[in-house]
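Here is a friendly walk through a protein model and the ligand that goes with it. Keep the viewer open as you read, and follow along residue by residue.

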Amino acid sequence: ATILVLHGPNLNLLGTREPEIYGSTTLADINQHLTVLSKAEGHHLQALQSNAEYELIDRIHDARQEGVNFIIINPAAFTHTSVALRDALTGVDIPFIEVHLSNVHAREAFRQHSYFSDIAQGVICGLGAQGYELALRSAFNFLDTNN
Ligand code: DQA
């Protein structure tokens, strides 16, 4: 199956961006690790990071045309602002898991509302880069039992 990993704004800075909050692993490291794990399970992984809301939305639209089976998304700051990105995910009806590196519930009040959590299959936050791997393993499990 095909799994799409989407990374929202500023996540291109991972590794150097507030490492005490987001860790020292780079986005390239995360994507590389997820690609290797996916291959080992016979799945295909695609990844996109964008600082532009419309690029993430367009990628989600294309995902339906391409037959993407599962999405893992860290919407980053768009988590707390983007009805448009939420509507894109609802519109394509592809199951997804929401991931955050930091524990958003232990941070500023404005980070405690997500436009995605109520429509996500699950939400992982506060476990750093490992959260992506856990989401991916859950996706494998879902794909094995539902396809
Ligand atoms: C984040 C949490 C968001 O509140 C923040 O805007 C981010 C990253 C996380 O992974 O912890 O950019 O999604």
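Which residues are buried in helix α4 (residues 83-92)?

## Helix α4 and the loop after it

The model you are looking at is a predicted one. In helix α4, the buried residues are L85, A88 and L89. They line one face of the helix, because an arc of 95 degrees takes them in when α4 is seen down its axis. The general rule behind such a pattern is that an α-helix has 3.6 residues a turn, so residues three or four places apart point the same way. Turn to the face away from the buried side, and you will find the exposed residues V83, T90 and G91. On the buried side, the packing partners of α4 are α3 (53-66) and β4 (96-100).

Just past the end of α4 comes D93, with a positive phi of about 55 degrees. D93 belongs to the loop that joins α4 to β4. Is D93 buried or exposed? D93 counts as exposed, because 7 other C-beta atoms lie within 10 Å, and the cut-off for exposed is 12 or fewer. If you want a distance to check, take D93 and E108: they are 15 residues apart along the chain, and 31 Å separates their C-alpha atoms.

## Helix α2

Helix α2 spans residues 27-40, which makes 14 residues. From first to last C-alpha, α2 reaches 20 Å, close to the 20 Å expected at 1.5 Å a residue. Its buried residues are I30, L34 and S38. Why do they share a side of α2? They do so because the arc they cover around the axis is only 65 degrees.

The buried residues of α2 pack against three elements, namely β1 (2-7), β2 (44-49) and α5 (130-146). The face turned away from them carries Q32, V36, K39 and A40, which are exposed. Just after α2, G42 also takes a positive phi, here of about 80 degrees.

## A residue in strand β2

Strand β2, one of the packing partners of α2, holds A47. A47 is partly exposed, because 18 other C-beta atoms lie within 10 Å, while a buried residue needs 20 or more. Leaving aside residues up to four places away in sequence, A47 touches V5 and N31. For a longer step along the chain, compare A47 with I73: the two are 26 residues apart in sequence, and their C-alpha atoms are 9.7 Å apart in space.

## Around the ligand

Which residues surround the ligand? They are N10, N74, A76, A77, T79, H100, L101, S102, V104 and R111. Sorted by class, this shell has 4 nonpolar, 5 polar and 1 charged residues.

## The whole chain

Now zoom out to the full protein chain, which has 5 helices and 5 strands. Starting at the N terminus, the elements follow the order β-α-α-β-α-β-α-β-β-α. The chain is as compact as a globular protein of its length, because its radius of gyration of 14 Å is close to the 15 Å that the globule rule gives for 147 residues.

Along the principal axes, the C-alpha atoms fill a box of roughly 40 × 30 × 25 Å. Of the 147 residues, 31% count as buried. Among contacts with a separation of 6 or more, 76% come from residues 24 or more positions apart.

Conventions. Residues are numbered from 1 along each chain as its sequence is written. This is a predicted model: local features need pLDDT of at least 70, side-chain atom pairs count only at pLDDT 80 or more; totals for chains, interfaces and linings use all residues. Helices (H or I, at least four residues) and strands (E, at least two) are DSSP runs, numbered from the N terminus. The expected span of a helix is 1.5 Å times one less than its number of residues. The arc is that of the directions from the helix axis to the C-beta atoms. Two residues are in contact if their C-beta atoms, placed from the backbone, lie within 7 Å. A residue is near a molecule or strand if its C-beta atom, placed from the backbone, lies within 6 Å of it. Ala, Val, Leu, Ile, Met, Phe, Trp, Tyr, Cys and Pro count as nonpolar, Asp, Glu, Lys and Arg as charged, and the others, Gly among them, as polar. The radius of gyration is taken over C-alpha atoms; the globule rule is 2.2 Å times the number of residues to the power 0.38.
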